[in-house]
Amino acid sequence: MLQRPGVRGLRASPRARSAMPSWVIDRYGRNDVLRFTRDMVFPTIHFPNEVIIKVHAASLNPIDLSMRSGYGATALNMKRDPLKIKSVDTEFPLTLGRDVSGVVMECGLSVSYFKPGDEVWAAIPPWKQGTLSEFVVASGNEVSFKPKCLSHTEAASLPYVGLTAWSAVNQVGGLNKNNCSGKRVLILGASGGVGTFAVQLLKAWGAHVTAVCSHDASALLKKLGADDVIDYKSGNLEEQLKTLPLFDFILDNVGGSTEKWALDLLKKWTGATYVTLVTPFLINMDKLGVADGMLQTGVTVGSKTVKHLFKGVHYRWAFFMPSGPSLDEIAELVDSGKIQPVIDEVFSFSEVPKAFLKLEGGHARGKTVIDVISNK
């Protein structure tokens, strides 16, 4: 294979820079741990399949708030250093932010799908340095070409929530464009980032979607295509949902007490599935350590799966999974007009702490986006 001109393989950067602007944390805590620096170490290509991306826009997700506070640190540090080569956990300074839309600056030797100058988007897994930075490094298989119809600011709102919803609905739930038509789907917590994406995805595949949200988000969910919108504040939610025909699939973004009654809303013995994104996996590892945490998690999910299987329904957990190929499919849906970004507010790079406070306040209608290259 001929090597492309300009691909320099394992080099630090196109301009041999050593530092860049970034928002980092040096310890876990509340919003005051966020620190702006111009001296963050410039990302390096360590593996031939990696690319360096100049970040044009990023966005915040609830996981950024959780990671800022230390949630999941045990599991993430194990993933960062599985062989325990380092004597202590040295994840700091840590850059948060999972979503990126930007331009490829450099490619590793084995990257043939992208070249410098390509406009791309990606969701960077949480064990890697994040996207609230001028540049970020990603594996080529985590990256996809940005939808042509979106600006970088719009595109940055979709990858993490899109891949989380895709994991739950498609890879765990088994739904796709060929088998979804006419299926009755219930989405609990439909007005958040994952929920608004899932509504659009399932409608694009032909499902009948019932969305649960608060009254002030009803108009948004109807605009996105939801067939029925239920206000969880207008009365007993369980009783309201029991008046509706049974469902083929439930996506739960809420967790907690909903799990105690939601599975009773599924059609029995038809392959109907409940998928929750609210799991104790990382909490167990934080509390109990890696080995005991994984054991406790396995026991929990195993016992719940078997219990509900005897009742004629499937019980599943789902997690975010980075995937360039899945983003390729999502980009096609975006460019065909079937999925649109839902953005609540855009902040400049200098306003990252303010953006975190906005997200922390809750009840956003769409994503909180950071315009990284703005001059404000």
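**Figure 1. Long-range contacts and overall dimensions of the predicted model.** Among the contacts that join residues at least 6 apart in sequence, 72% link residues at least 24 apart. The secondary structure that carries this chain comes to twelve helices and 15 strands. For 376 residues, a compact globule would be expected to have a radius of gyration near 21 Å, and the value computed for this protein, 21 Å, agrees with that expectation. Taken along the principal axes, the box filled by the C-alpha atoms is roughly 65 × 45 × 45 Å.

**Figure 2. Surface, burial and charge of the protein.** Of the 376 residues, 52% count as buried, while the area that the protein exposes is about 16,600 Å², with 56% of this area supplied by carbon and sulfur atoms. The charges comprise 42 positive and 36 negative ones, and the mean positions of these two sets are 1 Å apart.

**Figure 3. Asp118 in the loop between β4 and β5.** The loop that holds Asp118 runs between strand β4 (99–107) and strand β5 (119–123). Asp118 has a relative accessible area of 10% and is therefore classed as buried, the cut-off being under 20%. A polar atom of the Asp118 side chain lies 2.8 Å from the backbone nitrogen of Lys115. When residues up to four places away in sequence are not counted, Asp118 touches Gly102, Val103, Val104, Tyr113 and Phe145.

**Figure 4. Ser69 in the loop between α1 and α2.** Helix α1 (62–68) and helix α2 (73–80) are the elements between which the loop with Ser69 is placed. With a relative accessible area of 46%, Ser69 is partly exposed, because this value falls between the 20% cut-off for buried residues and the 50% cut-off for exposed ones. Ser69 and Gly29 are 40 residues apart in sequence, yet their C-alpha atoms are 4.6 Å apart in space. Leaving aside residues up to four places away in sequence, Ser69 touches Tyr28 and Gly29.

**Figure 5. The buried residues of helix α2 and the helices they pack against.** Helix α2, which spans residues 73–80, has Ala73, Ala75, Leu76 and Asn77 as its buried residues. An α-helix has 3.6 residues a turn, so residues three or four places apart point the same way. The buried residues of α2 pack against α1 and also against α9 (281–288).

Key:
Residues numbered from 1 in each chain as written. Predicted model: local features only at pLDDT ≥ 70, side-chain atom pairs only at ≥ 80, totals over all residues. Heavy atoms only, no water. Helix = DSSP H or I, 4+ residues; strand = E, 2+ residues; numbered from the N terminus. Rg over C-alpha atoms; globule rule 2.2 N^0.38 Å. Buried < 20%, exposed > 50% of the residue type's maximum accessible area, 1.4 Å probe, protein only. Contact = heavy atoms within 4.5 Å. Areas by Shrake-Rupley, 256 points an atom, 1.4 Å probe, with all protein chains shown as cover. Lys, Arg positive; Asp, Glu negative; His and termini not counted. Charge placed at Lys NZ, Arg CZ, Asp CG, Glu CD. Polar contact = N/O pair within 3.5 Å; in protein donor to acceptor, adjacent residues only side chain to side chain.
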